[in-house]
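Hi,

Here is the structure I said I would pass on. Have a look at it first, and then read my notes below.

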Protein chains: 2
Amino acid sequence: MIEKLTIIGIGLVGGSLARALRAANYVHEVTGHGRSVGNLQLAVELGVIDRVEVSLADAVRHADMIVLALPVGCMGEIFKQLAPVLADQAVVTDVGSVKGSVIEEARAALGKRFAHFVPGHPLAGTEQSGVGSSQADLFRERRVILTPETGTDADAVERVRAMWEAAGAQTQTLSAADHDRILAASSHLPHMLAYCLMDMVVRNDDHRAIIECAAGGFRDTTRIAASDPAMWRDICLANRDALLAVMRQYHADLGALTEAIEKGDGDWLMETFNRAKHARDALNKKL
Amino acid sequence: MIEKLTIIGIGLVGGSLARALRAANYVHEVTGHGRSVGNLQLAVELGVIDRVEVSLADAVRHADMIVLALPVGCMGEIFKQLAPVLADQAVVTDVGSVKGSVIEEARAALGKRFAHFVPGHPLAGTEQSGVGSSQADLFRERRVILTPETGTDADAVERVRAMWEAAGAQTQTLSAADHDRILAASSHLPHMLAYCLMDMVVRNDDHRAIIECAAGGFRDTTRIAASDPAMWRDICLANRDALLAVMRQYHADLGALTEAIEKGDGDWLMETFNRAKHARDALNKKL
């Protein structure tokens with residue numbers, strides 16, 4: 001049970017976490033803070049949060065759990081503002097899609113309070129944004145990865161783990177480096193491919209005809225191209241090295257596929273498509 | 001109304017067409033022909049077709065509509081076998097994802113009967129294969145593109161159009177060249193990207209961890225990597241030039257995106273992601 005929960009950033013993820021914890025009766029009071037007054041008002045109207053604090057210091061003063069649900073690029077500034085006003089009992093966690101850069105910023109800003117920061121990342125979300133698309137079951141049976149550092153307080157980790165499990169998720173611990181390398185392939189690269197495909201089509205002379213002929217395959221491969229641009233720009237910049245590694249690999253692989261088509265190498269194509277299909281069928285069975 | 005319909009290839013598309021036309025009471029008798037006896041037996045057991053003919057000549061002798069629902073690479077051989085046994089009243093159509101190559105093969109094989117061949121392509125399907133996944137509503141409100149040539153008989157086109165509309169689809173006419181260029185971007189390229197991503201991941205050292213961390217984005221962008229490998233090898237070979245053009249464009253665009261990330265060019269990323277998001281949001285509204 002959390003007595004006083006403060007969420008900084010009441011969007012899809014922050015709003016859904018508030019909804020899930022309220023539905024589970026796991027939180028007594030939820031305070032929201034953010035940049036958009038309209039969004040915060042909507043969050044109160046929807047019953048997602050109890051109250052708004054326009055001052056960050058007031059928002060966190062009495063909190064025992066503080067969740068940063070912001071684009072990765074906004075975290076550093078918030079850590080700096082949090083450092084002087086954090087209460088002793090407060091645990092801080094985040095939901096950022098990149099962990100190494102967030103941990104560096106938290107360590108630099110928080111000083112000895114860094115031990116009470118538990119880096120986290122729920123593997124859930126949709127291409128939508130804003131509290132209006134938040135839902136209480138967003139995390140149900142989804143995975144949340146926690147990446148505590150050597151100095152992270154064990155009790156703080158336990159409190160964050162318990163919060164996510166109350167929200168319906170399963171938790172797992174990884175090193176930040178492992179998280180960032182794995183997510184570069186499982187999430188960040190697919191987003192780049194979807195943005196790139198959608199952007200190529202919109203700049204094509206046949207744009208309208210292509211969109212009119214778009215069936216299920218095109219729709220599914222581009223769904224995440226509707227994701228929040230600022231959030232994904234931040235992820236690109238924050239996880240640059242790991243993302244570049246998988247993008248270069250993909251670029252080379254796509255070059256090899258193009259060459260096989262150019263040469264009319266049907267055997268190569270069959271072998272590659274079969275390997276991919278086998279792996280995708282296995283993922284389907286797992287789901 | 002079709003008196004005698006013969007479908008060559010009772011898979012997802014052929015089976016779904018039979019189901020749809022029976023559900024609409026638009027066909028009196030459906031004869032199936034294909035390579036897999038087990039699949040044909042299943043089609044009879046499921047009530048998808050009325051009867052099986054193991055000889056192609058017997059299967060088409062009395063048919064007034066013949067639908068070729070086969071991988072593009074199998075069409076040429078079937079046209080050659082059809083040429084000497086086609087009845088006068090028979091209209092022939094196909095469901096191939098590439099039209100230029102199929103038309104060339106039909107023209108070469110069918111002689112003066114080429115006028116009764118109406119090239120077609122239903123923009124419907126899933127990543128699944130086989131009559132077991134066929135469904136009567138697969139074509140409901142989906143688009144079917146017909147690409148008649150200058151010499152194609154107008155009455156034959158009308159009969160094929162009416163058949164697809166009875167199955168619930170909307171029909172549209174394009175030139176074969178326009179079809180192949182547009183579909184290369186709207187369908188063939190997305191399939192290449194999905195196969196390439198899935199194949200890259202399965203060959204990665206982190207394969208298991210990446211699959212375990214795969215959330216909705218990865219699942220959606222790779223769904224069509226479970227598609228039939230032989231069908232897609234054939235499409236690659238049959239639509240080589242148009243596919244190569246969009247693959248090279250995509251390869252260059254992905255290179256530019258990689259370079260922007262390497263340089264940390266946040267403005268470029270924002271501009272590109274915003275343009276893509278805007279286009280994808282517009283597609284969502286259209287659906």
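How many helices and strands are there in chain A? Chain A has 12 helices and nine strands. Before you go further, keep in mind that this is a predicted model.

**Overall build of chain A**

The radius of gyration of chain A comes out at 21 Å, close to the 19 Å that the globule rule gives for 287 residues, so chain A is as compact as a globular protein of that length. Along the principal axes, its C-alpha trace spans about 65 × 40 × 35 Å. Of the 287 residues in chain A, 52% are buried. If you take the contacts in chain A with a separation of 6 or more, 79% of them come from residues 24 or more positions apart.

The domain assignment splits chain A into domain 1 (2-174) and domain 2 (178-286). Their C-alpha centres are 30 Å apart. Where the two domains meet, domain 1 of chain A puts in 14 residues and domain 2 of chain A puts in 17. On the domain 1 side of that contact you will find five nonpolar, seven polar and two charged residues.

**How the two chains go together**

Now for the pair. A rotation of 180 degrees, with 0.0 Å of shift along its axis, superposes chain A on chain B with an RMSD of 0.0 Å. That is the relation of a two-fold axis. The same surface serves both copies, and 100% of the contact residues of chain A recur in chain B. If you want a marker for the rotation axis, use Thr221(A): of the residues of chain A, its C-alpha comes closest, at 2.0 Å.

The contact itself takes 77 residues of chain A and 77 residues of chain B. On the chain A side, the elements that give two or more residues are helix 7 (176-202), helix 8 (207-212), helix 9 (216-222), helix 10 (229-238), helix 11 (240-263) and helix 12 (266-286). Helix 7 of chain A gives the most, with 19 residues. Sorted by class, the side of chain A that touches chain B has 44 nonpolar, 18 polar and 15 charged residues.

**One helix worth a look**

Which residues of helix 4 (residues 75-82) of chain A are buried? They are Met75(A), Ile78(A), Phe79(A) and Leu82(A). Looking down the axis of helix 4 of chain A, these buried residues fall within an arc of 105 degrees, so they line one face of the helix. The cover over the buried residues of helix 4 of chain A includes strand 1 (2-8), helix 3 (56-60), strand 4 (65-68), strand 5 (91-94) and helix 5 (100-110) of chain A.

**Backbone angles to check**

Most residues other than glycine have a negative phi. Two residues to look at with that in mind are Asn25(A) and Glu141(A).

- Asn25(A) has a positive phi, near 50 degrees. Asn25(A) is in the loop between helix 1 (12-23) and strand 2 (27-33) of chain A, and with 9 C-beta neighbours inside 10 Å it counts as exposed.
- Glu141(A) has a positive phi of about 60 degrees. Glu141(A) belongs to the loop between strand 7 (120-122) and strand 8 (143-146) of chain A, and it too counts as exposed, with 9 C-beta neighbours inside 10 Å.

**Two spots in chain B**

Is Trp164(B) buried or exposed? Trp164(B) has 24 C-beta neighbours inside 10 Å, so it counts as buried. Trp164(B) lies in helix 6 (residues 154-166) of chain B. Leaving aside neighbours within four places in sequence, Trp164(B) is in contact with Pro122(B), Phe139(B), Val144(B), Ala169(B) and Thr171(B). As a distance check for your viewer, the C-alpha atoms of Trp164(B) and Asp64(B) are separated by 15 Å, with their positions 100 residues apart along the chain.

Ser55(B) sits in the loop between strand 3 (51-52) and helix 3 (56-60) of chain B. With 11 C-beta neighbours inside 10 Å, Ser55(B) counts as exposed. Ser55(B) and His33(B) are 22 residues apart in sequence, and their C-alpha atoms are 7.6 Å apart in space.

Cheers

Note on methods: Residues numbered from 1 in each chain as written. Chains lettered and ligands numbered in written order. Predicted model: local features only at pLDDT ≥ 70, side-chain atom pairs only at ≥ 80, totals over all residues. Contact = placed C-beta atoms within 7 Å. Helix = DSSP H or I, 4+ residues; strand = E, 2+ residues; numbered from the N terminus. Nonpolar A, V, L, I, M, F, W, Y, C, P; charged D, E, K, R; others polar. Domains from an automatic or database assignment. Rg over C-alpha atoms; globule rule 2.2 N^0.38 Å. Buried ≥ 20, exposed ≤ 12 C-beta atoms within 10 Å, placed from the backbone. Arc of directions from axis to C-beta. Least-squares fit on C-alpha atoms with pLDDT ≥ 70 in both.
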